[in-house]
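Here is a small set of exercises to work through with the model open in your viewer. Try each task yourself before reading the steps under it.

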Amino acid sequence: FGSGGNPRLAPEKSKAYEVGVEQVLWDDWVSWGSSVFRTDYEDLFKTVFSGGTFSRVNVGKARVDGVDLEVELHPWTPWTLSAILTHLEANERPKSNDEELLRIPKNTVSFGMAYKPSSKWNVRLDGLLLSSREEFDRNKIKGYLKWGLRAEYRFSDWMKGHIRVENLTNQKYSEVLGFPAPGTVATVGMTVER
């Protein structure tokens with residue numbers, strides 16, 4: 001991408017730490033979990049725009065601190081409700097040069113509702129809510145909410161079919177500034193397991 005590679009680019013290095021807890025309550029009616037984590041990076045890749053082209057460089061150090069909260073409910077036999085909240089603080093180091101890492105949202109919420117009336121059928125509606133995030137020249141990419149739907153039917157022990165609809169409500173959003181995501185996309189497929 002651009003005029004070529006960077007022969008001085010060093011490999012990224014990282015160390016990650018995580019601690020968490022999970023619990024199931026009331027005969028599997030509800031389960032929840034939480035974790036905190038930290039990842040320290042050295043020589044993290046970063047894309048910069050200079051001289052009319054994009055190139056990759058290494059930033060000295062970076063750190064990502066985060067927390068996950070997760071809950072899953074089984075209110076009625078064929079239904080499952082779930083949600084996951086993730087909060088991240090992603091910054092370059094040292095602290096005196098504390099800039100946010102690009103394209104990493106501070107807050108992400110994913111949630112879903114699954115309906116499985118039998119061993120043959122499985123239907124799931126999922127949502128994803130992302131907060132705004134930093135982009136090149138410290139521009140902001142707007143946050144967005146998108147929905148997806150997936151239905152699966154098992155024809156036999158060795159064959160199942162599915163229908164998947166991404167961006168169900170035709171939301172206008174960009175994962176990368178200047179590159180709009182596609183509108184509603186539907187796919188139909190079959191899986192053969194042998």
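Helices here are DSSP runs of H or I with at least four residues, strands are E runs of at least two, and both are numbered from the N terminus. Keep in mind that this is a predicted model.

**Exercise 1. Work out the secondary structure of the protein chain, then decide how its spread compares with the globule rule.**

Step 1: Count the elements. The protein chain has zero helices and 13 strands.

Step 2: Write them in sequence order. That gives β-β-β-β-β-β-β-β-β-β-β-β-β.

Step 3: Check the spread. The radius of gyration is 21 Å, while the globule rule gives 16 Å for 194 residues, so the chain is more spread out than a compact globule.

Step 4: Put a box around the chain. Along the principal axes, the C-alpha atoms fill roughly 60 × 40 × 35 Å.

**Exercise 2. Describe the burial, surface and charge of the protein chain.**

Step 1: Start with burial. Of the 194 residues, 22% count as buried, where the cut-off is under 20% relative accessible area.

Step 2: Go on to the surface. About 12,900 Å² is exposed, and 57% of that comes from carbon and sulfur atoms.

Step 3: Tally the charges. There are 26 positive and 26 negative side chains, with the centres of the two sets 5 Å apart.

Step 4: Look at contact range. Among contacts with a separation of 6 or more, 48% are between residues 24 or more positions apart.

**Exercise 3. What sign does phi have at Asp27 and at Asp28, and are these residues buried or exposed?**

Step 1: Recall the background. Most residues other than glycine have a negative phi.

Step 2: Read off the angles. Phi is near 55 degrees at Asp27 and near 70 degrees at Asp28, a positive value in each case.

Step 3: Place the residues. Asp27 is in the loop between strand 1 (13-25) and strand 2 (30-50), and Asp28 lies in the loop between strand 1 and strand 2 too.

Step 4: Check accessibility. Asp27 has 80% relative accessibility, so it counts as exposed. Asp28 is exposed as well, at 53%.

**Exercise 4. Take Leu101 and Asn167: in which loops are they found, and what do they touch?**

Step 1: Locate Leu101. You'll find it in the loop between strand 4 (79-93) and strand 5 (107-115).

Step 2: Get its burial. Leu101 has a relative accessible area of 8%, so it is buried.

Step 3: List its partners. Leaving out residues up to four places away in sequence, Leu101 touches Leu44, Ala62, Val64, Ala90, Asn91 and Glu92.

Step 4: Take one longer distance. The C-alpha atoms of Leu101 and Lys140 are separated by 12 Å, and the two residues are 39 apart along the chain.

Step 5: Repeat for Asn167. This residue is in the loop between strand 10 (159-166) and strand 11 (174-176), and at 3% relative accessible area Asn167 is buried. With the same sequence neighbours left out, Asn167 touches Lys146, Trp147, Tyr173, Pro182, Gly183 and Thr184.

**Exercise 5. Which side chain makes a polar contact with that of Glu152, and which residues does Glu152 touch?**

Step 1: Find the strand. Glu152 is in strand 9 (residues 144-156).

Step 2: Identify the polar partner. The side chains of Glu152 and Arg150 are joined by a polar contact of 3.4 Å, inside the 3.5 Å cut-off.

Step 3: Add the other contacts. Not counting residues up to four places away in sequence, Glu152 touches Lys120, Trp121, Asn122, Lys160, Gly161 and His162.

Note on methods
Residues numbered from 1 in each chain as written. Heavy atoms only, no water. Polar contact = N/O pair within 3.5 Å; in protein donor to acceptor, adjacent residues only side chain to side chain. Contact = heavy atoms within 4.5 Å. Buried < 20%, exposed > 50% of the residue type's maximum accessible area, 1.4 Å probe, protein only. Rg over C-alpha atoms; globule rule 2.2 N^0.38 Å. Areas by Shrake-Rupley, 256 points an atom, 1.4 Å probe, with all protein chains shown as cover. Lys, Arg positive; Asp, Glu negative; His and termini not counted. Charge placed at Lys NZ, Arg CZ, Asp CG, Glu CD.
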